[in-house]
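Here are a few exercises to work through with the model open beside you. Try each task before you read its solution.

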Amino acid sequence: MKTRVFFIGVSASVLLALPLLLSSYQLGLLTKMLIFGLFAMSLDLLVGYTGLPSLGHAAFFGAGAYTVSLLALRVANNFWLDFPAGLVMAAAVSALFGLLALRTHEAYFLMITLALGQVLWGVAFGWRSLTGGDDGLPGVPRPDLGLPWSLSGGVAFYYFVFIFFVLAAAVLWIIVRSPFGNALVGIRQSEARMEVLGYNVWLYKYCAFILSGFFAGLAGNLFAYYNGFVSPTYLSVIFSATALLMVILGGAGTLFGPALGAAIIVYLENEISAYTQRWLLVLGVIYVIVTLCAPDGVVGLLQRWSRSRRS
């Protein structure tokens, strides 16, 4: 426990100091890693702790991103109005999808989350007058907090994202270590046993589904401000599958492992895309290698190595 707290403290200190050392391009990449890390951690609550692998998680990310973008572009660039609206929309969509998806189990759950996500993708793609269709919504402005300093600069916006990342990670950490989080792990291990013990399994899974969607929407909100552009790509099954790979690569059920997985994927995508357009092919190869060689992810691999050194 002390080692873990020390590692988290060192990581936070490094993340605080890095803007002083990086170029503007590298800082932008680091900001993207934090946003996608938050997205991956939100999915880990569902996959790693509750045992519900989803292929529709991008729907909640996109719901938040589109809501913030539409309000900022069509209504008013008011952070205190737009940002909460994006969170409410993501939570509302996850509450609705959860009612439908949690009527199924295992492979059927995976397929219905994929189908529901594609429904939202179809709405964004086809409703051109509202969403811009496949052209998306460009020109989303950075948030205006009404404070003396502006978030238009890379460093200020990085710390803006960093604060949300730390707060969300702390809340998720409390959730997974609470009695509620322990119940989710129990449900992942054996639903039947938890039902015999008197737990309302469906309600626990439904709450986890909404919480997961809420934090995915938070990542979507931040990404809309970061990217200045949102399109149906961020609602697609490919984006959902990429998030799932981030979780598996980092280590499902480790909370901070998926954030590490997201950082690796963002870095590799940035580097490899400079040499080839076959990024999706490379992503598939990464998935196969991780599944065969490190099924517990990078964090699981490091934990096994640490245990072997002590023994």
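## Exercise 1: A first helix pair

In this predicted model, helix H3 (residues 58-75) packs against helix H4 (residues 79-101) at an angle of about 145°, and their axes lie 8 Å apart.

**Task.** Which residues of H3 and H4 make the contact, and how do they divide into nonpolar, polar and charged?

**Solution.**
- Step 1: Begin with the crossing of H3 and H4, which is right-handed.
- Step 2: On the H3 side, pick out Ala59, Phe60, Ala63, Gly64, Thr67, Val68, Leu71 and Ala72.
- Step 3: On the H4 side, the contact is made by Asp82, Phe83, Ala85, Gly86, Met89, Ala90, Val93, Ser94 and Phe97.
- Step 4: Sort the residues of this contact between H3 and H4: 12 are nonpolar, 4 polar and 1 charged.

## Exercise 2: A second helix pair

**Task.** At what angle do H11 and H12 pack, and how far apart are their axes? Is their crossing left-handed or right-handed?

**Solution.**
- Step 1: The angle between H11 and H12 is about 120°, with 7 Å between the axes.
- Step 2: H11 and H12 make a right-handed crossing.
- Step 3: H11 brings Thr242, Leu245, Met246, Val247, Leu249 and Gly250 to the contact, while H12 brings Gly257, Pro258, Gly261, Ala262, Ile264 and Ile265.
- Step 4: In the contact of H11 with H12, 8 residues are nonpolar, 4 are polar and none is charged.

## Exercise 3: The second largest pocket

**Task.** Which helix gives the most residues to the lining of the second largest pocket?

**Solution.**
- Step 1: The second largest pocket holds about 380 Å³ of space.
- Step 2: Its lining has 17 residues, and those nearest the centre are Phe36, Thr233, Tyr234, Phe239 and Glu269.
- Step 3: At least two lining residues come from each of helix H2 (24-49), H10, helix H11 (237-250), helix H12 (256-272) and helix H13 (279-293).
- Step 4: H11 gives the most, with 4 residues.
- Step 5: By type, the lining of this pocket has 11 nonpolar, 4 polar and 2 charged residues.

## Exercise 4: Confidence

**Task.** Where in the protein is confidence lowest, and where is it highest?

**Solution.**
- Step 1: For the protein, the mean pLDDT is 88, and 98% of the residues reach 70 or more.
- Step 2: Confidence is lowest in helix H14 (residues 297-310), with a mean of 76.
- Step 3: Confidence is highest in helix H10 (residues 201-227), at 94.
- Step 4: Where pLDDT is low, predicted coordinates should not be read in detail.

Key: Residues are numbered from 1 along each chain as its sequence is written. This is a predicted model: local features need pLDDT of at least 70, side-chain atom pairs count only at pLDDT 80 or more; totals for chains, interfaces and linings use all residues. Side-chain values use heavy atoms; hydrogens and water are left out. pLDDT is the predictor's confidence in each residue, from 0 to 100. On a 1 Å grid over the protein atoms alone, a cavity is a set of points where a 1.4 Å probe fits but cannot get out, and a pocket is an open set with protein on both sides within 12 Å along at least five of seven lines; lining residues have an atom within 4 Å of a point. Grid points are joined across faces, edges and corners, and a volume is the space filled by probe spheres set on the points. Ala, Val, Leu, Ile, Met, Phe, Trp, Tyr, Cys and Pro count as nonpolar, Asp, Glu, Lys and Arg as charged, and the others, Gly among them, as polar. Axes are lines fitted to C-alpha atoms, for helices over the stretch in contact, and angles run from 0 to 180 degrees between N-to-C directions. A crossing is left-handed if the near helix is turned anticlockwise from the far one by less than a right angle, and right-handed if clockwise. Contact means heavy atoms within 4.5 Å.
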